[in-house]
Amino acid sequence: MQTEPLEQIPQSRNKTPQDSQPTTSGKATWVENASLFWDLRYTFARVAGIVFVLSILIALSLPKEYVSGARIMPPEQGGNSAAMLAALVGKSSAGGLAGLAGSLLGAKNNGALFVALLHSGTVSGHLIDRFDLQHVYHKRYREDTAKRLGHLTKITEDPKSGVITIGVTDKTRERARDLAQGYLDELNNLVAKVNTSSAHREREFIEQRLSTVQAELQRAQLELSDFSSKNTTIDIREQTRATVEAGAKLEGQLIAGESELDSLRQIYGNQNVRVRAAEARNAILQRELQRANGQGSTDPDAKDIDASHPYPALRQLPQLGVRWANLYRNVRIHETVFDLLSQEYETARIEEVKSIPTVSVIDVPGLPEKKSGPHRTLIVLISTLLSVIATAVFLLARRSWIEMDHEDARRVLATRIGQTIRHRWRRSPV
């Protein structure tokens, strides 16, 4: 870059330092500065032109950027879940206690909490893995990738309405939309995962208790089934009533048979066929009655008769009834408890679902139609303006350096520093 020779600067600037200093102050007047800039106007034009062209080339080489946004409304609820979520995102001890106290007092605005959740490492980590952002952003470490994602994501909350706005910037339309939707998905998953409301704790307790009661019920049913199979006891009360009724019927038939047998003996004698048949019928009724009452029989065929009657005798029923009643009562107790816990478990599940805060989406992420950046015109204008300002500062500094006395302490110090730097630079290995 060529500049105008300093000899062409107006003659007022070629005076000695003592003569060039104004009488009122030690600094050059604006007229002298303006005269210097006017004399070197072509230098300004060349620098501005070169920077203008370079900035255009750089601005055109920058990739396009797209922003996809979503608007959500956090749920209005207080409770222990808000306190737990606040602790999850790394609140300080004082902040956590304040959030807990606010929730206990019925605080309803969870907007700041959800903004903190969206900025949490859990959400960003899942998004990095889900979209392979380390490869997309060309970052070696996850920490740098998370910082880059945070830089490209803008999350704000409207203090009046409480609406949270999420905006994600990316080089492609599709990934910008998918990242914005990913924030919503991860927020819902995180809120549901760390929900620790009373309904959730109640559901977990009832679920554990229900599993225990179910195992106890199965064991009690198995014990009752084994006892009933071994002793042929189905329903002790019904079996006792049926046995008593059967015994009374047998006893009545036996009495009638004995009366008939006495009549036949008096008429036909003991050796008559009808008398023997009546005796045989009475013997069978007698054995049936003894078996029903649990009494022994001297008849050698009694074993076969007992084998044909698998139900327990009346004498055994009181003893079996105590054990059977205990087992049956145990089964009924466990069945009652299981039914009650099943109803409470279903109720707790419904309450848990109701207590989980869900994010209400106002505007879903869409595919952006226009690019959001870079602002090429603004880049060119700012770069050109900065080059003009930098040129003016350089020219003023150069004039001050030339006009400075060689014995001036500032010039001596600057010269020494420059010589030291050049000496170190030459000695350093290439």
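**Exercise 1. Getting an overview**

Count the helices and strands of the chain, then find what share of its residues is buried.

*Solution.* Start with the secondary structure: the chain has 17 helices and 4 strands. Next, turn to burial: 31% of the 430 residues count as buried. Finally, look at the outside, where the chain exposes about 28,200 Å², with carbon and sulfur atoms supplying 56% of that area.

**Exercise 2. Where to read with care**

This is a predicted model. Which stretches have a pLDDT under 50 or below 50?

*Solution.* Begin with the whole chain: its mean pLDDT is 75, and 70% of the residues reach 70 or more. Now go along the sequence. Over residues 1-26 the pLDDT stays under 50, and the model has 29 contacts beyond four places in sequence for them. Residues 91-108 also have a pLDDT below 50, with 14 contacts beyond near neighbours in sequence. Keep the general advice in mind: where pLDDT is low, predicted coordinates should not be read in detail.

**Exercise 3. A serine in a helix**

Decide whether Ser 387 is buried or exposed, and list its contacts beyond four places in sequence.

*Solution.* First locate Ser 387: helix α16, residues 376-403, contains it. Then check its relative accessible area, which is 9%. Buried means under 20%, so Ser 387 is buried. Last, setting aside neighbours within four places, Ser 387 touches Val 47, Ala 48 and Val 51.

**Exercise 4. Comparing salt bridges**

The model holds 11 salt bridges. For the pairs Asp 363 with Arg 71 and Glu 143 with Lys 147, work out which elements hold the partners.

*Solution.* Take Asp 363 and Arg 71: their closest N and O atoms are 3.5 Å apart. Asp 363 belongs to strand β4 (residues 360-363) and Arg 71 to strand β1 (residues 66-73), so this pair ties together parts 292 residues apart in sequence. Asp 363 is partly exposed at 32% relative accessible area, and Arg 71 is partly exposed at 38%.

Now take Glu 143 and Lys 147, whose closest N and O atoms are 3.8 Å apart. Both lie in helix α9 (residues 142-152), 4 residues apart, or about one turn of the helix. Glu 143 and Lys 147 are exposed.

**Exercise 5. One more pair**

How far apart are the closest N and O atoms of Asp 170 and Arg 175?

*Solution.* The distance is 2.9 Å, and the two form a salt bridge. Asp 170 has a relative accessible area of 4%, so Asp 170 is buried. Arg 175, at 23%, counts as partly exposed.

Definitions and conventions. Residues are numbered from 1 along each chain as its sequence is written. This is a predicted model: local features need pLDDT of at least 70, side-chain atom pairs count only at pLDDT 80 or more; totals for chains, interfaces and linings use all residues. Side-chain values use heavy atoms; hydrogens and water are left out. pLDDT is the predictor's confidence in each residue, from 0 to 100. Contact means heavy atoms within 4.5 Å. Helices (H or I, at least four residues) and strands (E, at least two) are DSSP runs, numbered from the N terminus. Buried means under 20% relative accessible area, exposed over 50%, partly exposed in between (1.4 Å probe, protein chains only). Accessible areas come from the Shrake-Rupley method with a 1.4 Å probe; for residues, only the protein chains shown count as cover. A salt bridge is a side-chain nitrogen of Lys or Arg within 4 Å of a carboxyl oxygen of Asp or Glu.
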